[in-house]
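Got your viewer ready? Let's take a walk through this chain, one selection at a time.

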Amino acid sequence: MTTPVSTRVPVLPVVAAGVAGQLADDLLFVFLPSFPGAAAILSIVLTAGAARLVTARLHGAAVPRAGLAVGAVSAGVGLLLSGLGLVTILIAGLTVLAGVAGAILGRPEVRPHRD
């Protein structure tokens, strides 16, 4: 019999990663306001990278859950800072997906087993 894998998500690293991804995005927007698309792309990429870093020592179901949490925190902070416009909401959705994708891509132990 195998022992179950913990699904606990580390709260402090998740919140720090989500907030850091959005603040770095906003700093780029301050320094490069003529190209707002770069800030959105950077936000998505930083969220995926942050989710990858936060989930490096996690296993099993905790990996996608932590990635979802990083994406949700990042998207929430982005919505609070940028408002609730249509484009902002769409980018927030992509940010959540990027958090999950960054956490699980390239990790074969996260995929469900087929018996």
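## A tour of the pocket and its helices

Start with the pocket: α1, α2, α3 and α4 each supply at least two residues of the lining of the largest pocket. Before you click further, know that this is a predicted model, where local features need pLDDT of at least 70 and side-chain atom pairs count only at pLDDT 80 or more, while totals for chains, interfaces and linings use all residues. Residues are numbered from 1 along each chain as its sequence is written, and side-chain values use heavy atoms, with hydrogens and water left out.

**Stop 1: the whole chain.** Show everything as a cartoon. You'll find four helices and zero strands, running α-α-α-α from the N terminus on. Here, helices (H or I, at least four residues) and strands (E, at least two) are DSSP runs, numbered from the N terminus. Of the 115 residues, 30% count as buried; buried means under 20% relative accessible area, exposed means over 50%, and partly exposed is in between (1.4 Å probe, protein chains only). Among contacts (heavy atoms within 4.5 Å) between residues at least 6 apart in sequence, 70% join residues at least 24 apart.

**Stop 2: back to the pocket.** Its volume is about 320 Å³. Which residues are closest to its centre? Of the 19 that line the pocket, they are Asp-25, Ala-40, Ser-82, Thr-88 and Ile-91. Colour the lining by class and you get nine nonpolar, eight polar and two charged residues. Nonpolar covers Ala, Val, Leu, Ile, Met, Phe, Trp, Tyr, Cys and Pro, charged covers Asp, Glu, Lys and Arg, and the others, Gly among them, are polar. A pocket, on a 1 Å grid over the protein atoms alone, is an open set of points where a 1.4 Å probe fits, with protein on both sides within 12 Å along at least five of seven lines; lining residues have an atom within 4 Å of a point. Grid points are joined across faces, edges and corners, and the volume is the space filled by probe spheres set on the points.

**Stop 3: helix α2.** Select residues 36–54. This helix has 19 residues and reaches 27 Å from its first C-alpha to its last, close to the 27 Å expected at 1.5 Å a residue (that is 1.5 Å times one less than its number of residues). Its buried residues include Ala-38, Ser-43, Thr-47 and Val-54, and the buried residues of α2 pack against α1 (11–31), α3 (62–82) and α4 (86–104).

Now pick Ile-44, also in α2. Is Ile-44 buried or partly exposed? Ile-44 counts as partly exposed, because its relative accessibility is 22%. Leaving out residues up to four places away in sequence, Ile-44 touches Leu-94, Thr-95 and Ala-98.

**Stop 4: Gln-22.** Hop over to helix α1, where Gln-22 is found. With a relative accessible area of 4%, Gln-22 is buried. Residues up to four places away aside, Gln-22 touches Ser-43, Ser-74, Val-77, Gly-78 and Thr-95.

**Stop 5: Leu-90.** For a contrast, go to helix α4 and select Leu-90. Leu-90 is exposed, with a relative accessible area of 54%.

**Last stop: the UniProt record.** The unreviewed UniProt entry places the feature "transmembrane region" at residues 27–50, 62–81 and 87–106. Try 62–81: the span is 100% helix, with end C-alpha atoms 28 Å apart. Residues 87–106 are 90% helix, with their end C-alpha atoms 29 Å apart.

Methods. UniProt positions renumbered as here; feature names shortened; annotations may be inferred.
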